[in-house]
Every structure is written in structure tokens, then in C-alpha cells.
Amino acid sequence: MPQSYEYDVLIIGSGAAGLTVALNLPPHLQVCVISKADISSGATLWAQGGIAAVLDDQDSVENHIQDTLTAGAGLCHEDAVRFTVEHSKESIDWLIESGVNFTRDDDNEHYHLTREGGHSHRRIIHAADATGFAVSTTLAAQAQARANIHLLTRRVAVDLITNRKLSLPGNRCVGAYVLNLENNHVELFRARFTVIATGGASKAYRYTTNPDGASGDGIAMAWRAGCRVANMEFNQFHPTCLYHPHAKSFLITEAVRGEGGVLTLPDGNRFMDRFDPRAELAPRDIVARAIDHEMKRLGVDHVFLDISHKPADFIKHHFPTIHEKCLSLGIDITREPIPVVPAAHYTCGGIITDARARTDINQLYAVGEAAFTGLHGANRMASNSLLECLVYGRSAAADIARREADIPAPPEAPEWDESQVRDSDEDVVISHNWDELRHFMWDYVGIVRTTKRLQRAKHRVDLLSREISEFYSNYRVSNDLLELRNLVTVADLIICSALQRKESRGLHYTLDYPGLLHEARDTVLVPTTYRTLAP
């Protein structure tokens, strides 16, 4: 028989955002954190560059705010940017107190700060080139040591449970149905508070820097439950993913360019200065489009990122992970350039939240990449994402702590009904649909878009949506089916958002509308208006 659980707080996702919420909650609350795989298996683990924060006397909160607003191409919410930046130092201090071992300068007295695209100052604190690993493993160890935090792995959320689904009055989230991958049964999790911390949706694209679990689960579940989403058309493509047949989703951090790395064509000539006066330090959308342009112009599969002009010891000290990975593939970055290609990297839009990470549904929070806070605007500035996880994770925890005494226990809910479905012998349908979705998203909804391409993508996603809806209704759920169902939903949200934006702004670049509109507006989708989107 499937098990059922009850907690004070259910956190779906175990990256920096989810673990930050868990570790900042009062110890008397019973907290459950669920993860698809290992606790440290999400996108946080793969983050190389670092965390942006105002830590140097030569820098200022106002400088960081202005840089973020500039990168966001007029769509950042200034109150959200200010809130995030003003809480940056205390969030870093909390990580240091938690045991994260950031890299220090040669004098060992100060932390080494690097600079990345869009930043006017060195403000990126990092742990060599494996900051995400340091943060993720440290926070996971802290969580494992807390008696009130229960970590459950190999579980995939199916759908949120709300009062509406239970035919009860009010607009409240009371938990979730969760597939246990160990026994393939769906379990009931009831909770007074639920937090979505599931990351982004970059697996909707053929090429991505993200781990396999980045299938937009939280965004899709919140949409189906009745939450608004915003700015889903702004998908950030990281300019430099390692191009090699045996290097799956390996990112070459922006810090390589921040420390002097240059982008070159196959003939060795630089090209970024032809696209932007900031050259390699231009914001990511500009760099990604420039690379895409040169690849298409020359008909090549990749360009190169070269830092071999720097001393070998410098490269090995600052980028040990990248050096070792490339060396294992026969590329010595101290002597030769790195082949790179753009890849889907970050979902700037998501579930609409306020400064306390609250969504449209009572007692449902969203933090991290799954959320839309207004921080990133039309283009996320490098290393602001982990900062957002920390700041809003701590804010969500504080809000739950303030409210928890007034929130009653969740109501009873029915167990998951498996009596009307059967095991599937058509798994090939899932894999085929998965491949089709990711291919047409890359071709039609990628770095450069047109209205005709978007309309073609919309037609295909509608067909897939109907097919998957039928499949979902008749067969037992599986991890692959759930992820495909969610990816089709978020792909539809991305396409619909892109079709609504009649301009080129930030990460959304369309040949049909190359200019900017006079007024910058968010693209907000409301579930009641788009009932046909979600299977």
C-alpha cells in the first residue's frame, strides 16, 4: 500500500533554494524535503561561477542594483532588485557561518572576488570554479544533521493538492501527490505549508547546461493548480557550453571570460568587439546571439574560448574543475582553446511571487529558478541566481515562521487512485515525444525567433499536449511521463509568452520585431484564460 505523510512544511526540491528554506525554519516545525535523485543532484550542484554580493569597499548596493537593472533590459522590478541586493551580504554571511569554504585571496585575509559579464565591479564570491558543489554539499550536510528535517530521495511530485481539488472552500494548498520511484506508487503528502523549489525548465531544449531533472515540474504544477506565471519567453542561453560528444551538459563558467578568456573563430580571430564595446564581458544574451550569428554565418558547429595566454598555474588554481574535465577529454586549456556552443541555461520567468515568496495560492510558496520575483527582468545577470535562492529562501522561511501558529492542520485528502489505469507497453511514445519536443523548441523557440517559427511550435505543442493527456489518463504514471507532461506544459507557456511579445528585448529576440516598444511590460499568463494549455 502507498504511504501517506503529514508535515508542517513540505519542500519540493533540494537545491540551494529548498535547503535554504528548510535550514531557516524554526526547529519545532517538522519539515520534509523531497528530491528526484540524491539530495545534492539539482542545478545548484553544477553552478560554477559564484554568487554576486556587495562585499568590497569599492563596490556599493547602488552599483549592484544599477548593473542588474541594465542587464534586465528595462523589465526588472526595482523593488525586487533592491530587496535582493540589500540582503546579499547577510545571505553570504549565513553561508560562511554554515561552513561554505569560499576561495580566498593570496594573502588569505580576504575572499577572492571575480567579475562576470554585466558587472561593473568584482563582486562574485566563489569556491574555485565549483561554487554550487560547495554550497549544495554544505547545506545538505547541515540539513541531514537537523532532527526536524526529513530528507526523502527518489521521489517526483505529480501534482499539488488544493482546497479546490478537494471541493472545499478557500484557496489553499494542502500538500502534494508524489511518485515514489523505488516502488512506483504515488504517495500522499499533506502539509500546512508547501514550497516549490524545483528549478527551471531548460530540458525543454535540445541543448542545455542543466541536469536531467530540470523539466519545469514546479512551474507546471503551480500552473495546473491555478497560479499565474510571468515572462516565460525569457530563456537564458549560456554562451559557453563545452562542445564535445562525451561532455554532456558541461558548462564553461562566465568567470573564464571575466578572468581574461577571449572568444575566437576557427581561424583564431576574435569577434565580440564587433557586436558590443564590452566584448567578452557583454551580458549573456548579447554574447549568445553573437556566437549563434557567427556559427550560422560560417556554418560551423562551435566557436572557441581561449584563456591559454594566462599562466598555467593561474588557470589551474582558478579553474581546476574545468581544467581537469577538459584534460580528461584531451583538451589542455593551458595550451589550447576550448570548443564552446550556446545552450539553454536558465528560466528567467516562472511562478509569480511576492517578496515573501508567496504565490497566488495560500500557503504555497515558490523559491529559486521556478519563481518569478521580478529580479531578472529580460535577462538574468550572471551569479544573481544563487543569490536569489538564498534571499528569497530565507524570506519564505521567515514568513512561514510568522504565520505558522495561525495555520491549522491540512484537511484529509484521498489516496491516489490507480484502479482505472494500467501499465504502459508504449514507452516508445514517451521517448519519441520527448525528442520531438526538444528539437522543435530548439529550432523554433531558440536564440533567434520569428512569428512563423513560433506558430509552428504552437501547432506541434498542441498536438503533443493532446496525445500526452490521453496517455496520462490511461496509464500508470512514471518519471518519464511526468517530466514529459510538465515539459509540454512549460513549452506551451514559453511559446504563448513569446507570441505575445511584439518586440526584441533581452533574451527574447525576434526577426519580425527587432526594435523595443516604448513601454516595458511583463508577459503575465493567467490559468483561467489558457485552460487548453495543460493536459
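Buried here means under 20% relative accessible area, exposed means over 50%, and partly exposed is in between, using a 1.4 Å probe and protein chains only.

**Figure 1. The whole protein, with 61% of its 535 residues counted as buried.** This is a predicted model, in which local features need pLDDT of at least 70, side-chain atom pairs count only at pLDDT 80 or more, and totals for chains, interfaces and linings use all residues. Residues are numbered from 1 along each chain as its sequence is written, and side-chain values use heavy atoms, with hydrogens and water left out. You can find 15 helices and 18 strands here; helices (H or I, at least four residues) and strands (E, at least two) are DSSP runs, numbered from the N terminus. The C-alpha atoms fit a box of roughly 65 × 55 × 50 Å along the principal axes.

**Figure 2. A close-up of the second largest pocket, about 710 Å³ in volume.** Rolling a probe the size of a water molecule over the atoms shows where empty space is left. On a 1 Å grid over the protein atoms alone, a pocket is an open set of points where a 1.4 Å probe fits, with protein on both sides within 12 Å along at least five of seven lines; lining residues have an atom within 4 Å of a point. Grid points are joined across faces, edges and corners, and the volume is the space filled by probe spheres set on them. Of the 30 lining residues, R206, Y207, V341, P342 and W442 are the closest to the pocket's centre. Two or more lining residues come from each of β11 (235–242), α9 (284–298), β14 (338–347) and α13 (427–444), and α13 gives the most, with four.

**Figure 3. A little open sheet of three strands, in the order β3-β5-β4.** The pairing is antiparallel, and two strands pair if DSSP finds at least two bridges between them. β3 (51–52) and β4 (113–114) are the edge strands with a single partner each, so one side of each has no neighbour in the sheet. Two bridges link β3 to β5 (residues 124–125), and A52 sits opposite I124 in β5.

**Figure 4. Zooming in on S497 in helix α15 (residues 479–500).** Is S497 buried or exposed? With 1% relative accessibility, S497 counts as buried. Leaving aside neighbours within four places in sequence, S497 is in contact (heavy atoms within 4.5 Å) with M232, E233, T523 and L525. As for G13, it is 484 residues from S497 along the chain, and their C-alpha atoms are 25 Å apart.
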